[in-house]
Amino acid sequence: METSFSSHPWLLIFITLSTVHAQLPGSWELLVSNAGVASMHTAVTRFNTVVLLDRTNIGPSRKMLPKGHCRYDRHDDVLKKDCYAHSVVFDLQTNEIRPLMILTDTWCSSGQFLPDGTLLQTGGDLDGFKKIRKFEPCEPDRFCDWVELKDVELINGRWYATNQILPDGTVIIVGGRGTNTVEYYPPTKTQNGAVELKFLAEVEDNQMDNLYPYVHLLPNSHLFIFANNKAVMYDHEDNKVIHEYPELLGGPRNYPSAGSSVMLALDGDFKTAVILICGGAEYGAFIERSTDTPAHGSCGRIIATDQNPVWEMEDMPFGRVMGDMVMLPTGDVLIINGAQSGTQGFEMGSNPCLNPVLYRPDQPIGLRFMTLNPGTVPRMYHSTANLLPDGRVLLAGSNPHYLYNFAAEFPTELRLEAFSPEYLSLDRANIRPIIEGIPETVRYGEAFDVFVTVPLPVVGVVEVNFGNAPFATHSFSQGQRLVKLTVTPSVPVDGRYRIKCTAPPNGAVAPPGYYMAFAVNQGVPSVARWVHLVP
């Protein structure tokens, strides 16, 4: 059978790139050929398991629920009696998949880990519009499952909202389709109702472009909230906007035109926060259902804590919409997944962007981007990327169809892959540290020791960096954060190296919860150990 490059132009791009892929950094591996569900939302737990979550009214998945656990869904056009799983938990050690039972629709919902490590999950569509759910993770050989809260629900129904944990461990839930308000969990701050955030209404255009707003907790305790092409600093204590940032040029950046966003690593005196926003769809592509309109390749970078901040502009090697930005343990940013043409929405993207890109924030402008080894699996609409404790990045999902469709040009994707950045290459194994000792719990401002071993003698400072586990969906990892601890140079002690560390000073720098603690030696991270950061 002949292959038509005119009908599948991305194949020609991949074949061309494959001839030189050995010269590009990074490597790929297939972890699971069939996860059972196409993950629209993904989160890594402190037990080294991964929660994968789709929506419920999508017809049959490829993973059955245990016998006797069927649910009845009047909103499902295909299945009224649904005996299929729409969420699973993935064991990173064994690659085994266990079905989970979700009761109401989680389509385009939001989430965040609470300080005790429980995954809070909010909203969705239809019967899930006002629901609050929890998943309390457990050891892989134990049983845990989704629980829907019966004694509390969202004040406003939320579809396409964003969650962000706050310094005191409360979670703020921002926006949603037709919902220009914020509310909190636990709902102590909104007992009298949700709080209006006029900014979200002001930036909405005729194709929305204000959904899944980018929300970052700044180290001054305020929130950086970005939607469409504008941003504000928001005081969540007094529920008011205290600063308006300049407009970011280059078109809309949020759903349905989404690029992605991260806050760069916090370090030093923890007073400076830098926000990076990259990519997006051309305005109008969503309205016109244009699959071939080129995506934006521009990035804006701003020091959000400056008195008079301005956007610094630069360009990625590729235009990209529906990409994901992952904070690596080193402080570099991996930009992965997505398409070079089209927009978010069902069957509205084309020309998959198979090459990841590494963004190196400490390099001069013009030298920050590095093109990496391309993958082979298009990860389009409804795909995710999450940092794993061993330093790899998990790729899951991609379902640009209303139901599961395995015969399309860009089919529903059930494979789970891992991308290994260059720091995991074999030629760097002899400088990769191993954490031999670290406290399981640390308090704000506490001094503590970390002990590591390294095959070759240590040269320079070994960093200890705390990375949290965000909730990844729709090209944005909600709550994503990396904090570089204050450390002293390592000292040899009985065949190991001792690193004196100081925990983050407060919850504005690092909200309470579980963090992956990485030791980083000459740009090579260890396997992380989970540390509970508490007040």
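**Figure 1. Strands S22 and S23 side by side in a predicted model.** Start with strand S22, residues 296-303, which pairs with S23 in the antiparallel sense over four bridges. To see one of these pairings up close, find Cys299: its bridge partner in S23 is Glu314. As a bit of background, strands of a sheet pair through backbone hydrogen bonds, and they can do so in a parallel or an antiparallel way.

**Figure 2. The open sheet around that pair.** Zoom out a little and you get an open sheet of four strands in the order S20-S21-S22-S23, with antiparallel pairing. Which strands sit at the edges? They are strand S20 (260-263) and strand S23 (312-315), each of which pairs on one side only. From one strand to the next, the twist averages 20°.

**Figure 3. Asp76, a buried residue with no salt bridge.** Look for Asp76 in the loop between strand S4 (71-72) and strand S5 (81-82). The nearest side chain of opposite charge belongs to Arg71, and it is 5.5 Å away. A salt bridge needs the charged atoms to be within 4 Å, so Asp76, although buried, goes without one. What does the side chain of Asp76 reach instead? It gets to the backbone nitrogen of Leu79, at 3.0 Å. Setting aside neighbours within four places in sequence, Asp76 is in contact with Thr56, Asn57, Ile58, Gly59 and Asp82.

**Figure 4. Asn399 and its polar partner Thr412.** Here we're in the loop between strand S31 (393-397) and strand S32 (416-420), where Asn399 lies. Is Asn399 buried or exposed? Its relative accessibility is 4%, so Asn399 counts as buried. The side chains of Asn399 and Thr412 are joined by a polar contact of 2.6 Å. Leaving out neighbours within four places in sequence, the residues in contact with Asn399 include Ala38, Ile58, Phe346 and Tyr404.

**Figure 5. Ser61 and the backbone of Ala85.** Ser61 has its place in the loop between strand S3 (49-53) and S4. With a relative accessible area of 1%, Ser61 is buried. Its side chain reaches the backbone oxygen of Ala85 at 2.6 Å. Apart from neighbours within four places in sequence, Ser61 is in contact with Gly36, Val37, Tyr84, Ala85, His86 and Tyr404. Gln480 is 419 residues away from Ser61 in sequence, and their C-alpha atoms are 29 Å apart in space.

**Figure 6. Two cis peptide bonds that lead into prolines.** The peptide bond from Tyr185 to Pro186 is cis, with omega near -10°. You'll find Pro186 in the loop between strand S14 (181-185) and strand S15 (195-196). Another cis peptide bond joins Tyr255 and Pro256, and here omega is about 10°. Pro256 lies in the loop between strand S19 (240-244) and S20, and S20 is one of the edge strands from Figure 2.

**Figure 7. Met322 and His474, each with a positive phi.** Met322 isn't a glycine, yet its phi is positive, at about 70°. Met322 lies in the loop between S23 and strand S24 (324-327) and is buried, with a relative accessible area of 2%. His474, also a residue other than glycine, has a positive phi near 50°. Look for His474 in the loop between strand S37 (471-473) and strand S38 (476-478). His474 is buried too, with a relative accessible area of 4%.

Notes. Residues numbered from 1 in each chain as written. Predicted model: local features only at pLDDT ≥ 70, side-chain atom pairs only at ≥ 80, totals over all residues. Heavy atoms only, no water. Buried < 20%, exposed > 50% of the residue type's maximum accessible area, 1.4 Å probe, protein only. Lys, Arg positive; Asp, Glu negative; His and termini not counted. Polar contact = N/O pair within 3.5 Å; in protein donor to acceptor, adjacent residues only side chain to side chain. Contact = heavy atoms within 4.5 Å. Pairing = 2+ DSSP bridges. Axes fitted to C-alpha atoms, helices over the stretch in contact; angles between N-to-C directions.
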